[in-house]
Amino acid sequence: MNLPTTRRTLILAYRSYTLTTNVYNQRTMIKPRPRIAVVKFASCDGCQLTLLDCEDELLAIADRVEFAHFAEASSDLQEGPYDIAIVEGSICTEEDSHRIRQLRTNSRNLITIGACATAGGIQALRNFGLHEDFKRTVYAQPSFINSLAESTPIALHVQVDFELRGCPVDKRQLLEVILAFASGRRPKTSSESVCQPCKRRGNVCVVVTQKIPCLGPVTQAGCGAICPAFDRGCYACFGPSTSPNMSSLSKSILEPNLDPAQASLLLQSFHAASPPFRDESIRLWQLSKQSQPPTNLNATLETQRNDEQTHNS
Ligand code: SF4
Ligand code: SF4
Ligand code: SF4
């Protein structure tokens, strides 16, 4: 027997085995699951409920992510840092604005979900009026109310890594965003307007056939064009699409079917404070013969625009 040759063979076999084993171990090494926090600000909880509504899908992703802080689902609220913070709701108090800055510091990625978090929500209607008047009208002791004069989106306060629209958000899109961030890739969400899925779905256009005003041409897709499928116009709960042509919408759909005040109010709902809807609704309101904008409106808008410019610069 040629011993040196046998030894060399054994050494090569051992090296090959250890190399293969190391590669196997590296491949099968269990990585820590990304830690997720779901955090609420001023909101109705509907977007968090969309996440809970995922049920079967949540079980399927349970081994890929860890919900470390989710008050709607569990009283076991773990401290950060978090890999992903999912934020619902708008900023309406000084305490909110302090809390969101702390959360940002404590989170590697921060995602906002829903109209409240991405645009200020329905509660941003107060941005169009006098805060003190609202407090006096609603509360017996307005001096006890310690809220800000405006409801503002999260992105006006801290850097946001991704915004998911909707009121509430769509559960398929929400899962896609969570899984994308958990695996370190960009989420695949649609950038088209509601008209495109509406046509693909085979809906008959309610504007053309019934003269029902529809905001589909300027609204971000994501819902599957539910409302036109049930013979009603879209009222833009997913907010403005990319570069919406608001003046064309007004000329071709709103003004022929509504008086300017009604058209203005149609734009003042979940995304009333989104700049394209806000500016066009103000223009239509000023066209209206029925009423004048509140006296502080221009000052409020000026403040919001300055905030946006500061944020974007
Ligand atoms: S976006 Fe709509 S569903 Fe979501 S929290 Fe706000 S009001 Fe509720
Ligand atoms: S019904 Fe609305 S969303 Fe559908 S095609 Fe007509 S305008 Fe577009
Ligand atoms: S059609 Fe418009 S209003 Fe209806 S769910 Fe979709 S985005 Fe919201």
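The chain folds into 14 helices and 5 strands in what is a predicted model. Of its 313 residues, 37% count as buried. Looking at contacts with a separation of 6 or more, 73% of them link residues 24 or more positions apart.

Next come the surroundings of ligand 2. Its shell counts 14 residues, and those that come nearest are Cys195, Cys198, Cys205, Cys214 and Gly216. Two elements give two or more residues each to this shell: helix H8, covering 195–200, and helix H9, covering 206–210. The largest share belongs to H8, with 3 residues. Sorted by class, the shell around ligand 2 holds 11 nonpolar, 2 polar and 1 charged residues.

Ligand 3 has a shell of its own. Cysteines turn up here as well, with Cys223, Cys227, Cys234 and Cys237 among the residues around this ligand. The rest of the list reads Val194, Thr219, Ala225, Ile226, Tyr235, Ala236 and Phe238. In terms of class, that makes 10 nonpolar residues and 1 polar one, with no charged residue in the shell around ligand 3.

Further along the chain sits helix H12, made up of residues 260–267, and its buried residues are Ala263, Ser264, Leu266 and Leu267. Viewed down the axis of H12, these buried residues fall within an arc of 155 degrees, so they line one face of the helix. As for what covers the buried residues of H12, the list includes helix H11 (246–257) and helix H13 (275–287).

Key: Residues are numbered from 1 along each chain as its sequence is written. Chains are lettered from A and ligands numbered from 1 in the order in which they are written. This is a predicted model: local features need pLDDT of at least 70, side-chain atom pairs count only at pLDDT 80 or more; totals for chains, interfaces and linings use all residues. A residue is near a molecule or strand if its C-beta atom, placed from the backbone, lies within 6 Å of it. Ala, Val, Leu, Ile, Met, Phe, Trp, Tyr, Cys and Pro count as nonpolar, Asp, Glu, Lys and Arg as charged, and the others, Gly among them, as polar. Helices (H or I, at least four residues) and strands (E, at least two) are DSSP runs, numbered from the N terminus. A residue is buried if 20 or more other C-beta atoms lie within 10 Å of its own, exposed if 12 or fewer, and partly exposed in between; C-beta atoms are placed from the backbone. Two residues are in contact if their C-beta atoms, placed from the backbone, lie within 7 Å. The arc is that of the directions from the helix axis to the C-beta atoms.
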